[in-house]
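Hi,

Here is the structure I promised to pass on. Have a look at it first, and then read on for what turned up.

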Amino acid sequence: MSHQALISFCADLSLGAERRQREKDKEAERRDREKDKARMLEWLSRLSFRAPYDQRCEEHLEGTGSWFLNSEIYQEWKTCKESDLLWVRGKPGCGKSVLAAVTATDLKLETEPEVAFAFAFCQRGDESSQN
């Protein structure tokens, strides 16, 4: 085997080892994401979201939150492919939960059946929804 062929062979071995290491790293990263997802789903499964959602839907009048649903910020978030979190902050009792119910309803009406989305109600008096 010539010197050049030996160098080429060693380079190919090195590239193969680097490729295998990248694949191992990707697989480890995927496993970490899956573990994080499993922990999150376990935490979420202990919380009841249906009752707070139904209650908030009953509390508001038709058209409540339309200012938000038509806002540029909401429309950009809704159509953006890069972000999957919409964070709404405000003082206790200012209507964040009602706005969340209106938003969840809007998303349910426009979301394809095979697409999933999640929402949560964190209630000040319920520590289990805050941890």
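Let me start with a quick one: is arginine 31 buried, partly exposed or exposed? Arginine 31 is partly exposed, as its relative accessible area is 41%. On this scale, buried means under 20% relative accessible area, exposed means over 50%, and partly exposed is in between (1.4 Å probe, protein chains only).

Before the rest, a word on where this comes from. The model is predicted, so local features need pLDDT of at least 70 and side-chain atom pairs count only at pLDDT 80 or more, while totals for chains, interfaces and linings use all residues. Residues are numbered from 1 along each chain as its sequence is written, and side-chain values use heavy atoms, with hydrogens and water left out.

Now the overall layout. The chain has five helices and zero strands, so the order from the N terminus is α-α-α-α-α. Helices (H or I, at least four residues) and strands (E, at least two) are DSSP runs, numbered from the N terminus. The chain has 131 residues, and 17% of them count as buried.

Next, the charges. Searching the whole structure gives six salt bridges, each being a side-chain nitrogen of Lys or Arg within 4 Å of a carboxyl oxygen of Asp or Glu. Two of them involve glutamate 27. One goes to arginine 30, at 2.5 Å from N to O; the other goes to arginine 31, at 3.6 Å from N to O. Arginine 30 sits three residues from glutamate 27 in helix 1, about one turn of the helix. Glutamate 27 and arginine 31 are about one helical turn apart, because they are four residues from each other in helix 1. As for cover, glutamate 27 is partly exposed at 31% relative accessibility, and arginine 30 is partly exposed too, at 35%.

Another salt bridge joins aspartate 106 and lysine 78, at 2.9 Å from N to O. This pair links distant parts of the chain: aspartate 106 belongs to helix 5 (residues 96–110) and lysine 78 to helix 4 (residues 72–79), with their positions 28 residues apart. Aspartate 106 is buried, at 12% relative accessible area, whereas lysine 78 is partly exposed, at 23%. Back in helix 1, shared partners join the salt bridges of Glu27, Arg30 and Arg31 into one network.

There is also a positive surface patch, made up of Arg19, Arg20, Arg22, Lys24 and Lys26. Patches take residues with over 30% relative accessible area and no salt bridge, joining like charges within 9 Å and nonpolar side chains (Val, Leu, Ile, Met, Phe, Trp, Tyr) within 5 Å. Of the patch members, arginine 20 is found in helix 1 (residues 3–45) and is partly exposed, with a relative accessible area of 48%.

Last, the rings. The structure holds three aromatic pairs. One of them is tryptophan 67 with phenylalanine 68, edge-to-face at 5.7 Å centre to centre and 70° between the planes. Rings of Phe, Tyr and Trp (its six-membered ring) pair if their centres lie within 6.5 Å; planes under 30 degrees apart count as stacked, over 60 as edge-to-face and the rest as tilted. Tryptophan 67 counts as exposed at 60% relative accessibility, but phenylalanine 68 is buried at 9%. Ring pairs also link Trp67, Phe68, Tyr74 and Trp77 into a cluster.

Cheers

Terms used
Areas by Shrake-Rupley, 256 points an atom, 1.4 Å probe, with all protein chains shown as cover. Lys, Arg positive; Asp, Glu negative; His and termini not counted. Charge placed at Lys NZ, Arg CZ, Asp CG, Glu CD.
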